Amino acid sequence: MAYRYTNMKHDDALFQQIQDRVSECLALASRHTGRHFDPPLVRFNQRGRIAGSAWTERWELRFNPVLLADNAQDFLTEIVPHEVAHLVAFALHGQVRPHGREWQTIMSEVFGLEPRTRHRLNTEKVAPVFRYDCGCRIHKLSLRRHNSVRRGQKRYQCLHCGQPLMPIKPSGKRTTP
(Lines give C-alpha, C1' and ligand atoms only; values in the text may rest on other atoms or scores of the structure.)
Protein backbone atom coordinates (compact mmCIF):
# COMPACT_ATOMS: atom_id res chain seq x y z
CA MET A 1 0.00 0.00 0.00
CA ALA A 2 1.51 3.33 -1.01
CA TYR A 3 1.18 6.30 1.34
CA ARG A 4 1.46 9.96 0.73
CA TYR A 5 4.07 11.16 3.20
CA THR A 6 4.07 14.67 4.59
CA ASN A 7 5.97 16.36 7.40
CA MET A 8 8.27 13.42 7.93
CA LYS A 9 11.65 12.07 6.99
CA HIS A 10 11.37 9.00 4.79
CA ASP A 11 14.09 7.26 6.81
CA ASP A 12 12.44 7.70 10.20
CA ALA A 13 11.76 4.18 11.45
CA LEU A 14 9.15 5.20 14.02
CA PHE A 15 7.07 7.11 11.50
CA GLN A 16 7.30 4.13 9.18
CA GLN A 17 6.03 1.87 11.97
CA ILE A 18 2.99 4.11 12.30
CA GLN A 19 2.44 3.98 8.54
CA ASP A 20 2.67 0.18 8.65
CA ARG A 21 0.22 0.00 11.55
CA VAL A 22 -2.26 2.16 9.64
CA SER A 23 -1.96 -0.34 6.75
CA GLU A 24 -2.52 -3.28 9.11
CA CYS A 25 -5.60 -1.66 10.63
CA LEU A 26 -7.09 -0.89 7.23
CA ALA A 27 -6.41 -4.48 6.11
CA LEU A 28 -8.19 -5.79 9.21
CA ALA A 29 -11.14 -3.52 8.53
CA SER A 30 -11.20 -4.63 4.88
CA ARG A 31 -11.26 -8.30 5.84
CA HIS A 32 -13.95 -7.72 8.44
CA THR A 33 -16.24 -5.60 6.24
CA GLY A 34 -15.46 -6.90 2.75
CA ARG A 35 -14.78 -3.31 1.63
CA HIS A 36 -11.61 -1.76 0.28
CA PHE A 37 -10.27 1.35 2.02
CA ASP A 38 -7.82 3.62 0.23
CA PRO A 39 -4.77 4.62 2.24
CA PRO A 40 -5.21 7.97 3.98
CA LEU A 41 -2.87 10.90 3.95
CA VAL A 42 -0.83 10.53 7.16
CA ARG A 43 0.73 13.58 8.74
CA PHE A 44 2.84 13.97 11.84
CA ASN A 45 1.80 17.52 12.68
CA GLN A 46 -0.80 17.19 15.45
CA ARG A 47 -0.07 19.56 18.31
CA GLY A 48 -1.02 20.05 21.93
CA ARG A 49 -2.50 17.31 24.11
CA ILE A 50 -4.14 15.50 21.21
CA ALA A 51 -2.33 12.28 20.33
CA GLY A 52 -4.02 11.85 16.98
CA SER A 53 -6.96 12.99 14.92
CA ALA A 54 -8.91 11.74 11.94
CA TRP A 55 -10.07 14.20 9.33
CA THR A 56 -12.72 12.00 7.82
CA GLU A 57 -13.85 14.07 4.85
CA ARG A 58 -10.22 14.72 3.87
CA TRP A 59 -9.37 11.04 4.47
CA GLU A 60 -6.43 12.11 6.59
CA LEU A 61 -4.81 11.07 9.86
CA ARG A 62 -2.66 13.35 12.00
CA PHE A 63 -0.39 12.20 14.80
CA ASN A 64 1.47 14.17 17.46
CA PRO A 65 5.21 13.59 16.93
CA VAL A 66 6.18 14.71 20.45
CA LEU A 67 3.76 12.31 22.16
CA LEU A 68 4.65 9.59 19.65
CA ALA A 69 8.36 9.81 20.48
CA ASP A 70 7.63 9.15 24.17
CA ASN A 71 4.76 6.66 23.74
CA ALA A 72 5.42 4.61 20.61
CA GLN A 73 3.85 1.40 21.94
CA ASP A 74 0.65 3.18 22.99
CA PHE A 75 0.39 4.67 19.52
CA LEU A 76 0.85 1.30 17.83
CA THR A 77 -1.59 -0.57 20.04
CA GLU A 78 -4.31 2.01 20.72
CA ILE A 79 -3.96 5.44 19.11
CA VAL A 80 -3.55 4.33 15.49
CA PRO A 81 -6.50 1.87 15.61
CA HIS A 82 -8.59 4.56 17.36
CA GLU A 83 -8.01 7.05 14.55
CA VAL A 84 -8.35 4.49 11.75
CA ALA A 85 -11.70 3.44 13.28
CA HIS A 86 -12.93 7.00 12.71
CA LEU A 87 -12.08 6.76 9.02
CA VAL A 88 -13.66 3.33 8.67
CA ALA A 89 -16.84 4.44 10.47
CA PHE A 90 -17.09 7.41 8.10
CA ALA A 91 -16.51 5.23 5.02
CA LEU A 92 -19.18 2.75 6.11
CA HIS A 93 -21.79 5.02 7.67
CA GLY A 94 -21.12 8.60 6.59
CA GLN A 95 -21.10 11.40 9.14
CA VAL A 96 -21.75 9.85 12.56
CA ARG A 97 -21.06 10.83 16.17
CA PRO A 98 -17.27 10.76 16.64
CA HIS A 99 -17.31 8.09 19.39
CA GLY A 100 -20.77 6.75 18.71
CA ARG A 101 -22.06 3.22 18.31
CA GLU A 102 -20.53 2.73 14.83
CA TRP A 103 -17.04 3.73 15.98
CA GLN A 104 -17.35 1.67 19.17
CA THR A 105 -18.33 -1.40 17.17
CA ILE A 106 -15.29 -1.05 14.91
CA MET A 107 -12.99 -0.64 17.90
CA SER A 108 -14.29 -3.73 19.69
CA GLU A 109 -15.23 -6.08 16.85
CA VAL A 110 -12.60 -5.24 14.24
CA PHE A 111 -9.62 -4.23 16.40
CA GLY A 112 -10.51 -6.10 19.59
CA LEU A 113 -9.91 -3.00 21.71
CA GLU A 114 -11.87 -1.28 24.42
CA PRO A 115 -13.47 1.76 22.76
CA ARG A 116 -11.93 4.47 24.94
CA THR A 117 -12.51 8.03 23.85
CA ARG A 118 -9.43 9.54 25.51
CA HIS A 119 -5.82 8.49 25.77
CA ARG A 120 -3.97 8.27 29.06
CA LEU A 121 -0.63 9.69 27.95
CA ASN A 122 1.35 12.16 30.00
CA THR A 123 0.92 15.45 28.14
CA GLU A 124 2.92 17.77 30.39
CA LYS A 125 5.72 17.96 27.81
CA VAL A 126 3.35 19.31 25.14
CA ALA A 127 0.89 21.20 27.33
CA PRO A 128 2.30 22.46 30.62
CA VAL A 129 0.05 22.67 33.64
CA PHE A 130 0.13 25.22 36.42
CA ARG A 131 -0.47 24.33 40.04
CA TYR A 132 -3.10 26.18 42.07
CA ASP A 133 -4.14 25.75 45.69
CA CYS A 134 -7.53 26.33 47.33
CA GLY A 135 -6.66 25.18 50.83
CA CYS A 136 -8.12 21.68 50.55
CA ARG A 137 -6.24 20.33 47.51
CA ILE A 138 -3.94 21.14 44.60
CA HIS A 139 -5.51 21.89 41.20
CA LYS A 140 -3.84 21.87 37.80
CA LEU A 141 -4.83 24.53 35.29
CA SER A 142 -4.02 24.64 31.59
CA LEU A 143 -1.85 27.36 30.09
CA ARG A 144 -4.95 29.07 28.68
CA ARG A 145 -6.70 29.18 32.06
CA HIS A 146 -3.50 30.18 33.85
CA ASN A 147 -3.01 33.11 31.44
CA SER A 148 -6.61 34.27 31.87
CA VAL A 149 -6.06 34.30 35.67
CA ARG A 150 -2.79 36.24 35.25
CA ARG A 151 -4.51 38.84 33.04
CA GLY A 152 -7.31 39.19 35.62
CA GLN A 153 -9.94 37.97 33.14
CA LYS A 154 -11.03 34.90 35.12
CA ARG A 155 -11.11 33.58 38.66
CA TYR A 156 -11.59 29.93 39.49
CA GLN A 157 -12.82 28.36 42.70
CA CYS A 158 -12.70 24.85 44.09
CA LEU A 159 -15.84 22.82 43.49
CA HIS A 160 -15.32 21.05 46.83
CA CYS A 161 -14.60 23.85 49.30
CA GLY A 162 -15.68 26.90 47.27
CA GLN A 163 -12.44 28.78 47.96
CA PRO A 164 -10.69 30.71 45.19
CA LEU A 165 -7.77 28.98 43.47
CA MET A 166 -4.47 30.69 44.13
CA PRO A 167 -1.37 30.12 41.99
CA ILE A 168 1.51 28.28 43.58
CA LYS A 169 4.93 29.74 42.79
CA PRO A 170 7.57 27.32 41.50
CA SER A 171 9.17 27.73 44.94
CA GLY A 172 6.02 26.12 46.38
CA LYS A 173 4.63 29.27 48.00
CA ARG A 174 1.08 30.47 47.40
CA THR A 175 0.65 33.80 45.62
CA THR A 176 -2.17 36.21 44.94
CA PRO A 177 -3.32 36.48 41.31
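**Exercise 1. The largest pocket**

Which element supplies the largest share of the lining of the largest pocket, and how many residues does that share hold?

*Solution.* The structure is a predicted model.

Step 1. Take the volume: the largest pocket holds about 460 Å³ of space.

Step 2. Take the lining, to which 19 residues belong. Nearest the centre of the pocket lie H82, E83, T117, R118 and H119.

Step 3. Assign the lining to elements. Strand 3 (52-55) and helix 3 (72-93) each contribute at least two residues. The largest share comes from helix 3, with five residues.

**Exercise 2. An open sheet**

Determine the strand order of the sheet that contains strand 5, and state which strands stand at its edges.

*Solution.*

Step 1. The sheet is open and consists of three strands in the order 6-5-7, with antiparallel pairing.

Step 2. Strand 6 (138-142) and strand 7 (166-167) each have a single partner strand, so they stand at the edges and one side of each is left without a neighbour in the sheet.

Step 3. Examine one pairing in detail. Strand 5 (residues 129-133) pairs with strand 6 in the antiparallel sense, over five bridges. Within this pairing, F130 stands opposite L141 of strand 6.

Step 4. Add the helix that lies across these strands. Helix 5 (residues 143-150) lies across strand 5 and strand 6, and the helix runs at about 95° to strand 6.

**Exercise 3. A residue with positive phi**

Locate W59, give its phi angle, and decide whether the residue is buried or exposed.

*Solution.*

Step 1. W59 is placed in the loop between strand 3 and strand 4 (60-63).

Step 2. The phi of W59 is positive, about 55°, although the residue is not a glycine.

Step 3. Apply the cut-off for burial, which is under 20% relative accessible area. W59 has a relative accessible area of 17%, and therefore counts as buried.

**Exercise 4. The protein as a whole**

Describe the succession of elements, the burial, the contacts and the exposed surface of the protein.

*Solution.*

Step 1. The protein has five helices and seven strands. Read from the N terminus, the elements follow the order β-α-β-β-β-α-α-α-β-β-α-β.

Step 2. The protein has 177 residues, of which 40% count as buried.

Step 3. Consider contacts between residues at least 6 apart in sequence: 50% of them join residues at least 24 apart.

Step 4. The exposed surface of the protein is about 10800 Å², and carbon and sulfur atoms supply 47% of this area.

How values were computed. Residues numbered from 1 in each chain as written. Predicted model: local features only at pLDDT ≥ 70, side-chain atom pairs only at ≥ 80, totals over all residues. Heavy atoms only, no water. Pairing = 2+ DSSP bridges. Helix = DSSP H or I, 4+ residues; strand = E, 2+ residues; numbered from the N terminus. Contact = heavy atoms within 4.5 Å. Axes fitted to C-alpha atoms, helices over the stretch in contact; angles between N-to-C directions. Buried < 20%, exposed > 50% of the residue type's maximum accessible area, 1.4 Å probe, protein only. Areas by Shrake-Rupley, 256 points an atom, 1.4 Å probe, with all protein chains shown as cover. 1 Å grid on protein atoms, 1.4 Å probe; cavity = no way out; pocket = protein on both sides within 12 Å on 5 of 7 lines; lining within 4 Å. Points joined across faces, edges and corners; volume = space filled by probe spheres on them.
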